[in-house]
Amino acid sequence: MRELIEKMPKVELHLHIEGSLEPELMFQLAKRNNIDLPYSSVEEVRAAYDFGNLQDFLDIYYAGCKVLIHEQDFYDLTYAYLKKAAEQNVMHTEMFFDPQTHTERGIELETVAKGICKAAKAAKEDFGISSLTILSFLRHLSEEAAIATLKAALPMKDKFIAVGLDSSEVGNPPQKFQKVYQMAGEEGFLKVAHAGEEGPAQYIWDSLNLLKIDRLDHGNRAMDDEDLLKELKQRKMGLTLCPLSNRKLQVVKDLKDHPVKKMLNKGLKATVNSDDPAYFGGYMNENFIAITEALNLSKRDLFQLTSNAIEVSFVNADRKADMMHKLNKWMKA
Ligand code: HPA
Ligand code: ZN
């Protein structure tokens with residue numbers, strides 16, 4: 001199975017570029033930018049990645065971001081992820097970035113966006129991997145701050161395909177961001193949101209009905225609500241599940257309890273993704289291998305997960321057909 005998974009052409013739809021910052025690059029950038037890290041070695045950093053919940057992780061993740069200062073830093077971060085993804089046969093990826101994590105530290109949005117987009121272009125040329133970028137609002141901050149971020153992004157809006165919503169979920173419900181999502185929609189952005197990772201099924205309903213999302217990030221807690229599962233199926237809503245992330249953040253106790261297979265059986269457009277691969281123990285292959293072993297997934301299940309990802313991705317019909325062709329070739333082999 002391992003070799004089959006490694007060879008499968010893949011699509012990643014839930015990846016925080018800041019969450020791909022490996023400890024080695026964190027140290028390299030800290031040195032380059034004269035920043036003190038609260039760790040003395042790569043091993044010490046990895047040992048700190050023992051999280052009880054989402055907030056434990058976010059505290060460490062935002063601290064790690066402080067080494068990212070210059071356009072070149074964002075370029076190096078993004079290029080390293082795309083190279084790794086291409087090595088794992090990822091054909092296409094849709095990357096979140098959190099502008100406010102950087103603008104709050106005085107880094108210009110343009111610096112961040114330029115570094116990411118230049119790396120995306122270079123990686124397309126060097127490795128053939130295509131990518132899109134999703135501008136994600138931090139939900140622990142105010143809606144006014146999200147609106148200011150959206151406005152700052154408008155002069156370069158062709159660089160971003162969608163807006164997203166991440167960070168601390170419980171206590172920061174979708175309705176807090178209804179206005180900024182409406183504005184983003186009017187500006188032509190697609191819309192996604194993290195919901196139902198730690199928050200209740202109601203946050204998923206509200207993401208559908210109030211934020212009018214085009215795709216749902218995580219969505220695990222939909223399993224608590226039969227009517228919601230029917231609604232997601234009826235809407236053909238993509239769900240970007242993240243198995244190793246869910247285990248690391250204790251969203252599931254054991255991967256054997258992960259809902260992805262049940263979701264497939266119910267006809268939902270479930271997909272498998274890495275979320276923050278440098279923090280959660282693996283990229284796409286490691287996620288697929290772990291979940292396949294835990295749930296005894298078949299080659300047919302793997303095909304379904306990836307054809308779902310192609311279908312609910314934000315690329316055009318030609319690129320979808322091209323990727324489906326590659327996946328079909330793998331299926332027949
Ligand atoms: N959930 C919420 N916010 C995040 C995550 C996540 O898994 N990763 C990075 N920001
Ligand atoms: Zn996420």
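In the predicted model, the donors of the zinc ion (ligand 2) are spaced along the chain in the pattern H-x1-H-x177-H-x80-D. Two of these donors, His194 and Asp275, join distant parts of the chain, being 81 residues apart, with His194 placed in strand E5 (residues 190-195) and Asp275 in the loop between strand E8 (269-272) and helix H14 (277-280). Both His194 and Asp275 are buried.

Coordination of the zinc ion (ligand 2) is provided by the NE2 atoms of His14, His16 and His194 together with an OD atom of Asp275, at 2.0 to 2.3 Å. The angles among the 4 donor atoms run from 82 to 174 degrees, and the site of the zinc ion (ligand 2) is accordingly classed as irregular, because four donors count as tetrahedral only if all angles lie between 85 and 135 degrees, and the site also does not satisfy the criteria for square planar geometry.

The surroundings of ligand 1 comprise His16, Leu54, Phe57, Leu58, Tyr61, Asp166, Ser167, His194, Glu197, His218, Asp275 and Asp276. Among these residues, Glu197 has a side-chain N or O atom that lies 2.8 Å from a nitrogen atom of ligand 1, whereas an oxygen atom of ligand 1 is found 3.5 Å from a side-chain N or O atom of His218. Asp275, which also coordinates the zinc ion (ligand 2), places a polar side-chain atom 2.8 Å from an oxygen atom of ligand 1. Ligand 1 taken alone exposes 260 Å², of which the protein buries 100%.

Terms used
Residues are numbered from 1 along each chain as its sequence is written. Chains are lettered from A and ligands numbered from 1 in the order in which they are written. This is a predicted model: local features need pLDDT of at least 70, side-chain atom pairs count only at pLDDT 80 or more; totals for chains, interfaces and linings use all residues. Side-chain values use heavy atoms; hydrogens and water are left out. Donors are N, O and S atoms within 2.8 Å of the metal (3.2 Å for Na, K and Ca); water is not among the atoms, so sites may look incomplete. Four donors count as tetrahedral if all angles lie between 85 and 135 degrees; four count as square planar and six as octahedral if opposite donors are over 155 degrees apart and all others between 65 and 115; anything else is irregular. Helices (H or I, at least four residues) and strands (E, at least two) are DSSP runs, numbered from the N terminus. Buried means under 20% relative accessible area, exposed over 50%, partly exposed in between (1.4 Å probe, protein chains only). A residue is near a molecule or strand if one of its heavy atoms lies within 4 Å of it. A polar contact is a pair of N or O atoms within 3.5 Å; within protein, one must be able to donate a hydrogen and the other to accept it, and residues adjacent in sequence count only if both atoms are side-chain atoms. Accessible areas come from the Shrake-Rupley method with a 1.4 Å probe; for residues, only the protein chains shown count as cover.
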